[in-house]
Structure formats: structure tokens, C-alpha cells
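Work through the exercises below with the structure in view. Each task is followed by a solution in steps.

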Amino acid sequence: MDREKQSRQVMSGVSDKHDGMKALPRKKFKKPSTSHFNLEELASGVESGSRLHLGKAITLLESTNPEHKKRGQELLNELLPKTGNSIRIGITGVPGAGKSTFIETFGTMLTELGHRVAVLAIDPSSTRTGGSILGDKTRMEELARNPQAFIRPSPTAGTLGGVHRKTRETMLLCEAAGYDIILVETVGVGQSETLVRGMVDIFLLLVLTGAGDELQGMKKGILELADAMIVHKADQDNLSLAKKTVREYQQMLHFLQPATEGWTTRPLAVSSIEGTGMKEIWEMVEDFERSVKESGYWETRRQEQTRDWFHSMITDELLGQFYGDPERKQQVKDMEQRILGDQLTVSQAVTELFK
């Protein structure tokens, strides 16, 4: 056979249907079910401080399944006497302020002091899947491996303010599990972030150096919610500018209404990379707790928060019942078409729906 014919020759392939290995049936993977949870066992596990049981309990609470929701509330009611004994710290800040880096360094220091720290990291939800985008466990690797810490990323699930609707209940479960410091990290700074203020004792606002420039993109209302201004990334060549920023905030805070009765908001410069300023922040938090408890406002604020939570849950339940009715959902769709077709105004459509 000459070379040209050989180059055009096609060899026959393997005729058998497989490579000789025995064909195995495909495995079907099922999503873990919470229906088999024993509430007594789950409550006991949470009280003993088991992170595994705590994670399962939170999953049960976050479920939208009616039976799971009922069982979740039964579990929460069982654990309620064990709650309320932590310091709840809200942490927010402009994008890029380094909130997760700060929390990892601060949380690690707190565990070294003998505390148990729970981090409820509120992630923005994907518009496609509804799941978390940021993945806080991957951004806090060291703290996630710490046996004295617990990190729970929660998608916002469309909740106003970047706060998952079950964040408050998750906080109570963490307290029942023995976590004495709860850190709530939010998506960023905005008017709706005021909801975080409504569930924590002390509110920390992370800012970057250069107060004058940064204030252009920050609402005055957010500044008035902060109990402390944490000037972050105060290290290396940035240190002198950070100290200058602290002085600028000290002057500015004299003109703002204090966020907490009987407390003066303080600015502090810290570095998560070098670990400087973390001890001072914790001393400030302890000073805050002592001062506010002595004034009696600590308990008053928590009662106000519980009352606000109650009313917000009423709103959520009304919305759920309204849109959960199949007939009502169809009416809403019909009204939408009439509004878009200029047959009705929005106000007229709403009035008709509630007749």
C-alpha cells in the first residue's frame, strides 16, 4: 500500500458498547429532608452547643414548607428560655470597607478571650437561584475552622435591607447554643440597612480613610445609627491618613444625634491585617454594655425591638396570605394587564382588589 492510500485509510473502531467494565445504575441524589428531625433531640443538641444540630435547626426555621415552619416554631419555643444572654453587634459599611476581613480578625480575637462567636453573614441573593452570592465561609476560612465560632451565611431572599426574614430567629437559636457574642454582617450601606439597627444592641459602621470624600456617598441617617465609626485599613502608609480621618469624625459627630440614649458615638482606627485596634473595640463594646445597662435602656431597646419584630411579622403574614390565595393571585395578574392596558389606574386596581 503506497503512502497516499495509507494516509486516507480509516481504521474501524471498537465495536463493543462499553470498555469491559460492568455498567452500574446511576445514583439518584436527594436533597436532605428535615421531616425526620426529632425536635427533642434537636433541642438537646443545640443546647449542648453542637454546631451540626444548630445548623439543622436553622435550616428547619428557614424552610418554607408549612409543616417545617410549624415544627421550627415549636423548637424555638422550647429553646426560648435559653435566649437573650448575648451581646448582639451589627456591622455594616460601604462596599470594599473590608467587613468580612474585620469580622474574621475581630471574631478570632474574641474566641481567644474565651468567648463563643456566631456570625450571621447576610449575603445578597442571586436573582436566578435565590442563593447566596458572596459565600462568607470562603472569605472567613480561619474563623470558619475555629471550634468556638459558628458562621451562617444567609441569602437575603429579597428581604428589604439585606436582612433575611429569619435572622432574628437564627440569632435566638445561636444564643440557646451558648454563643455569647452575635455578629450580624450586612450587605452594605443604604437606607434599608436601618433594619439591622432594629435587631442588635450596638451598631458598628466601617468606613475608610478620607471622611470628606466618603461622606459624599453616605446618608446622614446611617451615620446617626452608628454607635461607633470604625476607620478600617489603618495600616502601613495609610495610618497617618486614618488618624486624620478619626479626628474629622470626632468633630463631625458633635453635630449628630446620638444613636443610643446616654452614649456618645466614638470613632476608632483599626487594622485587620496588623490586628491593631481590635482590643480597643472590644473594650468599647464592654463599656457600651455597662453604660446602657446602668441607664436601663438596654432592656428597653430589646423590648422595643421585639415589639417591632411582632408588627413586621404581622405584615409578612398578611402578605403571605394575600399572595398565597390562588384566586387572589389570578386577580392580581388580571389587574396588572388592565393597568398596563391603561384601563385602570394603580390606585383603582388596589381599591378593587380589597373590596
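**Exercise 1.** In this predicted model, find what joins the side chains of Arg-302 and Asp-201, and state where the two residues lie.

Solution. Step one: the side chains of Arg-302 and Asp-201 form a salt bridge, with 2.7 Å from N to O. Step two: Arg-302 belongs to helix α14, while Asp-201 sits in the loop between α9 (194-197) and β5 (202-207), so the pair ties together parts 101 residues apart in sequence. Step three: both Arg-302 and Asp-201 are buried.

**Exercise 2.** Decide whether Glu-248 is buried, partly exposed or exposed, and do the same for its salt-bridge partner Lys-244.

Solution. Step one: a salt bridge of 2.6 Å (N to O) links the side chains of Glu-248 and Lys-244. Step two: helix α12 (residues 239-253) holds both Glu-248 and Lys-244, 4 residues apart, about one turn of the helix. Step three: Glu-248 has a relative accessible area of 27%, which means that Glu-248 is partly exposed, since the class between buried and exposed runs from 20% to 50%. Step four: Lys-244, at 39%, is also partly exposed.

**Exercise 3.** Determine which residues form a nonpolar surface patch with Phe-310, and how accessible Phe-310 is.

Solution. Step one: Phe-310, Ile-314 and Leu-318 make a nonpolar surface patch of about 300 Å². Step two: Phe-310 is placed in helix α14 (residues 297-324). Step three: the relative accessible area of Phe-310 is 51%, so Phe-310 counts as exposed.

How values were computed:
Residues are numbered from 1 along each chain as its sequence is written. This is a predicted model: local features need pLDDT of at least 70, side-chain atom pairs count only at pLDDT 80 or more; totals for chains, interfaces and linings use all residues. Side-chain values use heavy atoms; hydrogens and water are left out. Patches are made of residues with over 30% relative accessible area and no salt bridge: like charges are joined within 9 Å, nonpolar side chains (Val, Leu, Ile, Met, Phe, Trp, Tyr) within 5 Å. Accessible areas come from the Shrake-Rupley method with a 1.4 Å probe; for residues, only the protein chains shown count as cover. A salt bridge is a side-chain nitrogen of Lys or Arg within 4 Å of a carboxyl oxygen of Asp or Glu. Buried means under 20% relative accessible area, exposed over 50%, partly exposed in between (1.4 Å probe, protein chains only).
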